[in-house]
Amino acid sequence: MVKTLEEKETSKYSPFQWFIFVVFIPLLFAITVGLVVMTFAGINVFEAAKEYGSKLPIISNVFDESSTKSTKQYEKDLMGLEGQIKDREAKIEQLKNQMEDKDRNIDRDQLEKERLQQEIDNLLAIQEDNKRAFKDIIRTYETMSVKKSAPIISKMSDEQALKILTNIKPETLAGIMENMQPAQAARFTELLTNQNENTDGQTP
């Protein structure tokens, strides 16, 4: 009688329901408890599953395929990065060459500037020497007696004579004119007059 009741109780559940209650739910509970325990124990469950799964033929193929795809993608990304690095290195090298060219141009310009400045300084020095020498000449004619200086100036070219006559003192000029031949004195007087007129005409 008891056995008949148990059989009736068992017959109320289908095989699927029996599997759910007897096998699946207890197994799911056991897996959940196991995951919780392993997590608290510091074990990375997913890494461990990947490691153990890679040892199984079918699962290992899945991991290998995923790994292959990742490797190809990494290689592709790496090649792209290497290309970018080479482009930037080429750009940097180009900029360095441009900077070096500009530095060389600056050096050349600086050397040319220094050369021109040296040339200007030399010309200014020569000009100062010439001015001092000319002043010495004027001073010599001013200190010389007009009887000696008049014949010397008379034999000079008009340009040289005018340079001296226009820079000596008026009283010295008058004395030199008095000691020249009348024709020479008249000629130099005319030259001096024309020069003064030209100078006055250029003065604003």
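**Helix H4 charges and a buried threonine**

Visitor: Which residues does Thr172 touch, leaving out those up to four places away in sequence?

Guide: Leaving out residues up to four places away in sequence, Thr172 touches Tyr141, Glu142 and Val146. Please keep in mind throughout that this is a predicted model.

Visitor: And where is Thr172 found?

Guide: Thr172 is found in helix H7, which covers residues 170–178.

Visitor: Is Thr172 buried or exposed?

Guide: Thr172 has a relative accessible area of 9%, and because buried means under 20%, Thr172 counts as buried.

Visitor: Changing topic: how many salt bridges does the structure hold?

Guide: The structure holds six salt bridges. One of them joins Arg104 and Asp101, with the closest N and O atoms 2.1 Å apart.

Visitor: How are Arg104 and Asp101 placed along helix H4?

Guide: Arg104 and Asp101 are three residues apart in helix H4, so about one helical turn separates them. Both ends of this pair are partly exposed, since Arg104 has 41% relative accessibility and Asp101 has a relative accessible area of 36%.

Visitor: What about Arg115, which side chain does it meet in a salt bridge?

Guide: The side chain of Arg115 meets that of Glu112 in a salt bridge, at 2.7 Å from N to O, and these two residues also lie in helix H4, three residues apart, or about one turn of the helix. Arg115 is partly exposed at 43% relative accessibility, and Glu112 is partly exposed at 36%.

Visitor: Which residues are linked with Arg115 in a network of salt bridges?

Guide: The network of salt bridges links Arg115 with Glu112 and Glu119.

Visitor: And which residue forms a salt bridge with Asp136?

Guide: Asp136 forms a salt bridge with Arg139, where the closest N and O atoms are 2.8 Å apart. Asp136 and Arg139 are three residues apart in helix H4, so they too are separated by about one helical turn. Asp136 is partly exposed, with a relative accessible area of 42%, and Arg139 is partly exposed at 45% relative accessibility.

Visitor: Which residues form the negative surface patch?

Guide: The negative surface patch is formed by Glu93, Glu100, Asp103, Asp107 and Asp109.

Visitor: Take Glu100, then: where is its place, and how does its accessibility count?

Guide: Glu100 has its place in helix H4, which covers residues 57–143. Glu100 counts as partly exposed because its relative accessibility is 41%, and that value fits its membership of the patch, because patches are made of residues with over 30% relative accessible area and no salt bridge.

Conventions
Residues numbered from 1 in each chain as written. Predicted model: local features only at pLDDT ≥ 70, side-chain atom pairs only at ≥ 80, totals over all residues. Heavy atoms only, no water. Patch = residues over 30% accessible without salt bridge, like charges linked within 9 Å, V, L, I, M, F, W, Y side chains within 5 Å. Areas by Shrake-Rupley, 256 points an atom, 1.4 Å probe, with all protein chains shown as cover. Salt bridge = Lys/Arg side-chain N within 4 Å of Asp/Glu carboxyl O. Lys, Arg positive; Asp, Glu negative; His and termini not counted. Charge placed at Lys NZ, Arg CZ, Asp CG, Glu CD. Helix = DSSP H or I, 4+ residues; strand = E, 2+ residues; numbered from the N terminus. Buried < 20%, exposed > 50% of the residue type's maximum accessible area, 1.4 Å probe, protein only. Contact = heavy atoms within 4.5 Å.
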